[in-house]
Amino acid sequence: MVLNRDIVGQFVDAAAQDPIRADRLLGGHPNLRSAIWLGESLLRFLAIENYAEGVRYLAQRGWNVNDRKTSREIKDSGLFLKRR
């Protein structure tokens, strides 16, 4: 299934602001895990843009925060993931 730009954009917004909606979108479109937004992985995009809640949301749902490029962005932005 190919994701359209609107679905990916909605998911990015929801990951940062509305986790319940993000969960629904992810359930309906599991291939969001490999989606690209503006040339970046979703996790990397959220880290670069300093959306800590979005980074936390993705990390809690299994996105790889140990990816070399992504982990550097998280460290450089000051978005250190802490357990709640």
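**Helix α1 and its surroundings**

Let me start with R5, which touches W37 and L38 once residues up to four places away in sequence are left out of the count, a contact being heavy atoms within 4.5 Å. What you have in front of you is a predicted model, in which local features need a pLDDT of at least 70 and side-chain atom pairs count only at pLDDT 80 or more, while totals for chains, interfaces and linings use all residues. Residues are numbered from 1 along each chain as its sequence is written, and side-chain values use heavy atoms, with hydrogens and water left out.

To stay with R5 for a moment, this residue lies in helix α1, where helices (H or I, at least four residues) and strands (E, at least two) are DSSP runs numbered from the N terminus. R5 is exposed, with a relative accessible area of 56%, and for all such statements buried means under 20% relative accessible area, exposed over 50% and partly exposed in between, with a 1.4 Å probe and protein chains only. Although R5 and L38 are 33 residues apart along the chain, their C-alpha atoms are separated by 9.9 Å. L38 itself is found in the loop between β1 and β2, the latter being residues 40-41, and L38 is likewise exposed, with a relative accessible area of 56%. The backbone there deserves a look, since L38 has a positive phi of about 55° although it is not a glycine.

Now to the overall layout. The secondary structure comes to 5 helices and 2 strands, and read along the sequence these follow the pattern α-α-β-β-α-α-α. Of the 84 residues in the chain, 37% are buried. If we take the contacts with a separation of 6 or more, residues 24 or more positions apart account for 64% of them.

How far does the predictor's confidence go? The chain averages a pLDDT of 83, and 76% of the residues score at least 70, pLDDT being the predictor's confidence in each residue, from 0 to 100. Among the elements, helix α2 (residues 19-28) has the highest mean pLDDT, at 97, and helix α5 (residues 68-77) the lowest, at 55. Over residues 79-84 pLDDT stays under 50, and for this stretch the model has 15 contacts beyond four places in sequence.

Let me return to α1 as a whole. This helix has 13 residues and reaches 18 Å from its first C-alpha to its last, close to the 18 Å expected at 1.5 Å a residue, where the expected span is 1.5 Å times one less than the number of residues. Its buried residues are I7, V8, G9, F11, V12, A14, A15 and A16, and these pack against α2, β1 (36-37), α3 (42-48) and α4.

How do α1 and α4 pack? Helix α1 (residues 5-17) and helix α4 (residues 52-60) meet at an angle of about 100°, with their axes 6 Å apart; axes are lines fitted to C-alpha atoms, for helices over the stretch in contact, and angles run from 0 to 180 degrees between N-to-C directions. The two helices are therefore roughly perpendicular to each other, on a scale where angles under 35 degrees count as roughly parallel, over 145 as roughly antiparallel, 65 to 115 as roughly perpendicular and the rest as oblique. From α1 the residues F11, A15 and A16 meet E53, G54, Y57 and L58 in α4, and the residues of this contact divide into 5 nonpolar, 1 polar and 1 charged. Here Ala, Val, Leu, Ile, Met, Phe, Trp, Tyr, Cys and Pro count as nonpolar, Asp, Glu, Lys and Arg as charged, and the others, Gly among them, as polar. On the α4 side, G54, V55, R56, Y57 and L58 are buried.

P19, which is found in helix α2, also approaches this region: P19 touches A14 and Y57, again not counting residues up to four places away in sequence. The C-alpha atoms of P19 and L58, which are 39 residues apart along the chain, are separated by 9.7 Å, and at 41% relative accessibility P19 counts as partly exposed.

Finally, the loops on either side of α4. In the loop between α3 and α4 we find N50, which has a positive phi of about 65° although it is not a glycine, and which is partly exposed, with a relative accessible area of 45%. Just after α4, G62 takes a positive phi of about 95°. V65, in the loop between α4 and α5, is partly exposed, with a relative accessible area of 21%, and V65 and A47, 18 residues apart in sequence, lie 10.0 Å apart in space, C-alpha to C-alpha.
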